[in-house]
Amino acid sequence: MNSTVPELDTATIQRKRMSRLKVLRIYYLEAKYEFIRSLRNPGFGFPFLVMPVVLFLVFSALGSPQKADPDMRLGLFSGMAILGIMGPAMFGFGAILAGERQFKLLEFKRAIAMPAAAHLIGKFVCAMAYAAMVILVMIAVGLVMGRISLNATQAIMVGLVLWLGVLPFCAIGFFIGARASAHVANGITTIVYMPQLYFSGLFFPLPAAIGWIALFMPPFYLNQLVLGVGGAKHIYIGGAWFHVLFLAVLTVGLTLLTVKKMTRHG
Amino acid sequence: MMASVDLAEMEGVYKRFGDTTALDGFDLRVRRGELVALLGENGAGKTTAISLMLGLQTPDAGQIRMFGLPPGDMEARRRLGVMLQEVFMAPELKVRELVTLFASYYPDGHDPDEILRMTNTDSLGDRRYGLLSGGQKRQVQFAIALCGKPELLFLDEPTVGLDVQARQGLWDIVRKQVDAGCSILLTTHYLEEAEALADRIVVLAKGRVVKSGTVKEVTQSISTRRITCTSRLTADEVGSWPGVAIAVVENGSLKLTVDHAELESTVSRLLERDNTLGDLSVSQAGLADAFVKITQENRL
């Protein structure tokens, strides 16, 4: 034992403060490295960015109705963009978070000096940044190649709605990631992800007998909002306030339930 | 005058999980600049004690203070370094990136390159964590535990999976940290590690401290001696003799841990039963022998 070291005194306890700039740097680095992780993960980053763009270009070049009708082309664009933003948000928060939770990374970070929410905020910022990238690429490709017809305001509004539309999918992934074990989280996320794509009627109308199922699918509401701000009057259903309310309630509700669970059990 | 406090202090701590009592009136103090080895069999309560000190769980009863503050307080956490037994790290990130991220949590953390050099892991800096061997991952986790210049370091089985050279290297760094005033709470199943490093040993059984003191005090507290010899007698045969706590054959030598009161009779019997007996030596039992004896006594 080293006897030359001064004893700890209570007066020095409060001195290890961090400047706001240093605290902000923690959040920045969490988001930065989460983003780098996503890009380096061959099963995650690239497919979610490239697949929607390629599918949009392929399908928008096929078949006369979609090619001719601007509303239908915007519908196809919206569906593919939603496909692109849903994946990183749901899988980033769902499967990856479940692994980090089960294999004690979150516990470790709670034990050391990480600010309480930094890890999750990092993931959230990463999902938002990823979505921004997908949306910008989709809009740029759609406009440059003449596959969508939007004026500047409409393009900005479509981009903004899609970008904010990431939030409910983050909340769904967050909800799964906080509960499921690492071994099943990927499967559960896929089970939740895939039916949403089909039953929300993003890519083709549902048969009339099961059309009501779309009302329970978050992508349906986001799609409607995109169609609304993009000026697709023929295929827009319902009032914007209801679509926003549905997505907001879903996001806030799931987030509160998850925060409560994680605060109790980690 | 400023009040002096222990870096970690647990007093009369109780913790139950259902019907299982993990800690049963547990007491522990860690003073500045000392290395305390917390020893115990699996399920003795070591992990629970560490979780409580780190603020990851709350005690059912008793008092815990870290740097004079409640466990989990951010001011206390900024003074801690932690190396858990198993922890997931992002496999896609490079070692330098991981160290940069974890060092950012601390007000005056080490420069990432500096900590990699200090822990002899600078050659791993540009490699992805997921591609490292188990031993290399432990070395990186050790570097991460040190990156905040901790005043109190928790090391949970730090050398599992390390080769002899890496283990010696880690021990050297641990000694330097203690010399620089860092306190360390070490849990390990390698008793030679505790023997080589610890200023104080705390043996835990059934959630209670059953022995505490320096390595010398703990080994001398048991009236046990070690007999080593070459013999054609088997460990099973000798192990059944009265007073023989442990009998094993290692590297061709028969090694016995014997109660001091039965020492003479055991030596006589060895000589009587085996006229080829050779290289006979008797010594004070080591920490491993003491640990086995103490935990056996407290298992009953």
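This is a short tour of a predicted model, with stops in chain B and then chain A.

**Before you start**

Check how far to trust the picture. The predictor gives the complex an ipTM of 0.81 and a pTM of 0.82. Colour chain B by pLDDT: its mean is 90, and 98% of its residues reach 70 or more. Within that chain, helix H3 (residues 95-103) of chain B has the highest confidence, at a mean of 97, while helix H11 (residues 287-299) of chain B has the lowest, at 79.

**Chain B, zoomed out**

Show chain B alone as a cartoon. You're looking at 11 helices and 13 strands, with C-alpha atoms filling a box of roughly 70 × 45 × 40 Å along the principal axes. Of the 300 residues in chain B, 46% are buried. Among contacts between residues at least 6 apart in the sequence of chain B, 68% link residues at least 24 apart.

**Stop one: the three-stranded sheet**

Pick out strands E2, E1 and E4 of chain B, which form an open antiparallel sheet in that order. Strand E2 (20-30) and strand E4 (61-66) of chain B are the edge strands, each pairing on one side only. From one strand to the next, the twist averages 25°.

Now zoom in on strand E1 (residues 8-17) of chain B, which five bridges join to E4(B) in antiparallel fashion. Put up sticks for Glu11(B) and you'll find Gln63(B) of E4(B) opposite. Then add helix H1 (residues 46-53) of chain B: this helix lies across E1, E2 and E4 of chain B, at about 120° to E1(B).

**Stop two: the six-stranded sheet**

Next, select the open sheet that runs E5-E6-E7-E3-E8-E9 in chain B, where the pairing is mixed. Its edges are strand E5 (80-83) and strand E9 (208-213) of chain B; each has a single partner strand, so one side of each has no neighbour in the sheet. Neighbouring strands here are turned by 15° against each other on average, ignoring direction.

At the E9 end, look for strand E8 (residues 200-205) of chain B, tied to E9(B) by five bridges and running antiparallel to it. Ile201(B) sits opposite Gly213(B) in E9(B).

H1(B) turns up again here, packing on this sheet and touching strand E3 (35-40), strand E6 (152-156), strand E7 (183-187) and E8 of chain B. The direction of H1(B) makes about 135° with that of E3(B). Helix H5 (residues 134-146) of chain B packs on the sheet too, touching E5 and E6 of chain B, with its direction at about 165° to that of E5(B).

**Stop three: helix H10 of chain A**

Switch to chain A and select residues 182-199, helix H10(A). Which of its residues are buried? They are Ala185(A), Thr189(A), Tyr193(A) and Gln196(A). These cover an arc of only 65° around the axis, which puts them on the same side of H10(A). Spin to the other side of H10(A) and you'll meet exposed His183(A), Gly187(A), Ile191(A) and Met194(A).

The buried residues of H10(A) pack against helix H4 (70-93), helix H5 (95-102), helix H9 (166-177) and helix H11 (218-229) of chain A. Just after H10(A), stop at Gly201(A), whose phi is positive, near 65°.

**Last stop: Leu225(A)**

Leu225(A) is in helix H11 of chain A. It counts as buried because it has 23 C-beta neighbours inside 10 Å. Show what Leu225(A) touches beyond four places away in sequence: Val161(A), Ala240(A), His243(A) and Val244(A).

Key. Residues numbered from 1 in each chain as written. Chains lettered and ligands numbered in written order. Predicted model: local features only at pLDDT ≥ 70, side-chain atom pairs only at ≥ 80, totals over all residues. Helix = DSSP H or I, 4+ residues; strand = E, 2+ residues; numbered from the N terminus. Buried ≥ 20, exposed ≤ 12 C-beta atoms within 10 Å, placed from the backbone. Contact = placed C-beta atoms within 7 Å. Pairing = 2+ DSSP bridges. Axes fitted to C-alpha atoms, helices over the stretch in contact; angles between N-to-C directions. Expected span 1.5 Å × (residues − 1). Arc of directions from axis to C-beta. pLDDT = per-residue confidence, 0-100.
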